[in-house]
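Student: Please give me a close look at the pocket lining here. After that, I'd be glad to hear about the chain elements and side chains that fill out the picture.

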Amino acid sequence: MNPYYLVMANETAGYIPLVCDHGRQLFGVLVVRKDSGIDDPRQLQGKPVAFPSPNALGASLQMRQELHDRFGVTTRPQYVKTHDSVYLNVLLGKTVAGGGVQKTLNRQKPAYRKALRIIHATTRVAPHPFAALPSVPEKVRNAVKQALLEMGRDQSGRKLLARIPMKEIGPASLSDYEPLKNMGLERFAAKLD
């Protein structure tokens with residue numbers, strides 16, 4: 001689940017993280033057109049900026065929080081549904097900048113990547129965990145956790161995990177996600193029904 005959703009779900013329903021990818025961390029990237037002349041996030045004050053959705057952690061929540069708290073910038077968010085749409089909106093000049101994550105930027109066509117420039121990367125946080133409700137018996141939670149960890153120990157299991165994608169599966173704990181509680185992300189989160 002989205003790491004921020006884990007934090008919220010832990011507070012409301014006690015969700016417990018089981019495993020996550022130890023091979024990488026999650027972080028957002030703020031991109032502009034390479035020829036834009038924008039090289040500082042402060043230049044985005046009051047400007048339209050594309051984001052995939054309000055609660056996309058690195059691409060939107062953290063990015064809007066850091067623009068506000070670190071740079072004193074308030075933008076006009078444009079929610080365009082997908083990361084691909086974020087990059088296209090920037091390339092087509094519909095917005096002056098866009099929030100994504102490095103992984104989705106890396107998947108863009110080479111010509112698109114070449115035409116974009118990163119002007120800010122957010123604080124790195126623990127990636128999406130597998131999580132369980134506390135009502136799931138501890139014995140079952142531990143069995144699921146062990147089965148997932150076992151998958152990471154052999155080649156066929158690692159191939160399956162790579163399709164998620166998960167590079168290096170490892171145990172997760174609530175303390176891995178504690179930093180998210182101190183960012184004040186709730187100020188920027190859309191309420192879920």
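Tutor: Let's begin with the chemistry of the lining. In the largest pocket, the residues that line it divide by class into 13 nonpolar, seven polar and five charged. Please keep in mind that this is a predicted model. The volume of this pocket comes to about 580 Å³. Its lining has 25 residues, and those closest to the centre are R24, L26, V101, K103 and H128. As for helices, α2 and α4 (102-106) each give the lining at least two residues. If you wonder how empty space is found at all, rolling a probe the size of a water molecule over the atoms shows where it is left.

R24 is a good residue to follow out of the pocket. It pairs with D21 in a salt bridge, where the closest N and O atoms are 2.9 Å apart. The two partners sit in unlike surroundings: R24 is partly exposed, at 26% relative accessible area, whereas D21 is buried, at 4%. The cut-off for buried is under 20%, so D21 falls below it with its 4%.

F27 belongs to the loop between β1 (16-21) and β2 (28-33). With a relative accessibility of 12%, F27 is buried. Its C-alpha atom is 8.7 Å from that of G100, although 73 residues separate the two along the chain.

Now to α2, one of the helices that supply the lining. This helix covers residues 57-71, which makes 15 residues, yet its end C-alpha atoms are only 18 Å apart. A straight helix would reach 21 Å at 1.5 Å a residue. Along the way there is a kink of about 30°, centred on M63. The helix is also mostly covered, with 12 of its 15 residues buried. Look at where they fall: L57, G58, A59, S60, L61, Q62, M63, R64, Q65, E66 and L67 are buried, and F71 is buried too. M63, the centre of the kink, is thus among the buried residues. Just after the helix comes G72, with a positive phi of about 65°.

The start of α2 can also be set against the far end of the chain. M183 is placed in the segment after α8, and it counts as buried at 13% relative accessibility. The C-alpha atoms of M183 and L57 are 12 Å apart, with their positions 126 residues apart along the chain.

Beyond α2, K81 is worth a glance. It lies in the loop between β4 (76-79) and α3, and its phi is near 80°, a positive value in a residue other than glycine. K81 is exposed, with 73% relative accessibility; the cut-off for that label is over 50%. Next comes α3 itself, residues 83-91, in which H83, V86, Y87, N89, V90 and L91 are buried. G93 follows α3 and also has a positive phi, near 80°.

Back to charge pairs. Side chains of opposite charge can pair when their charged atoms come close. The model has seven salt bridges by the count used here, and the one between R24 and D21 has already come up. In another, R153 meets E150, with 2.6 Å from N to O. E150 is partly exposed, at 44% relative accessibility.

A further salt bridge joins K181 and E178, whose closest N and O atoms are 3.8 Å apart. The pairing is counted because the cut-off is 4 Å. Both residues are in helix α8 (residues 178-181), three residues apart, about one turn of the helix. Each is partly exposed, K181 at 31% relative accessibility and E178 at 35%.

One backbone detail remains. The peptide bond joining I164 and P165 is cis, with omega about 0°. You will find P165 in the loop between α7 (155-162) and β8 (169-171).

To return to your pocket, start with R24, L26, V101, K103 and H128, the lining residues closest to its centre. From there, trace R24 to its salt-bridge partner D21, and then follow α2 through the kink at M63.

Definitions and conventions:
Residues are numbered from 1 along each chain as its sequence is written. This is a predicted model: local features need pLDDT of at least 70, side-chain atom pairs count only at pLDDT 80 or more; totals for chains, interfaces and linings use all residues. Side-chain values use heavy atoms; hydrogens and water are left out. Helices (H or I, at least four residues) and strands (E, at least two) are DSSP runs, numbered from the N terminus. The expected span of a helix is 1.5 Å times one less than its number of residues. The bend at a residue is the angle between axes fitted to the seven residues ending there and the seven starting there. Buried means under 20% relative accessible area, exposed over 50%, partly exposed in between (1.4 Å probe, protein chains only). On a 1 Å grid over the protein atoms alone, a cavity is a set of points where a 1.4 Å probe fits but cannot get out, and a pocket is an open set with protein on both sides within 12 Å along at least five of seven lines; lining residues have an atom within 4 Å of a point. Grid points are joined across faces, edges and corners, and a volume is the space filled by probe spheres set on the points. Ala, Val, Leu, Ile, Met, Phe, Trp, Tyr, Cys and Pro count as nonpolar, Asp, Glu, Lys and Arg as charged, and the others, Gly among them, as polar. A salt bridge is a side-chain nitrogen of Lys or Arg within 4 Å of a carboxyl oxygen of Asp or Glu.
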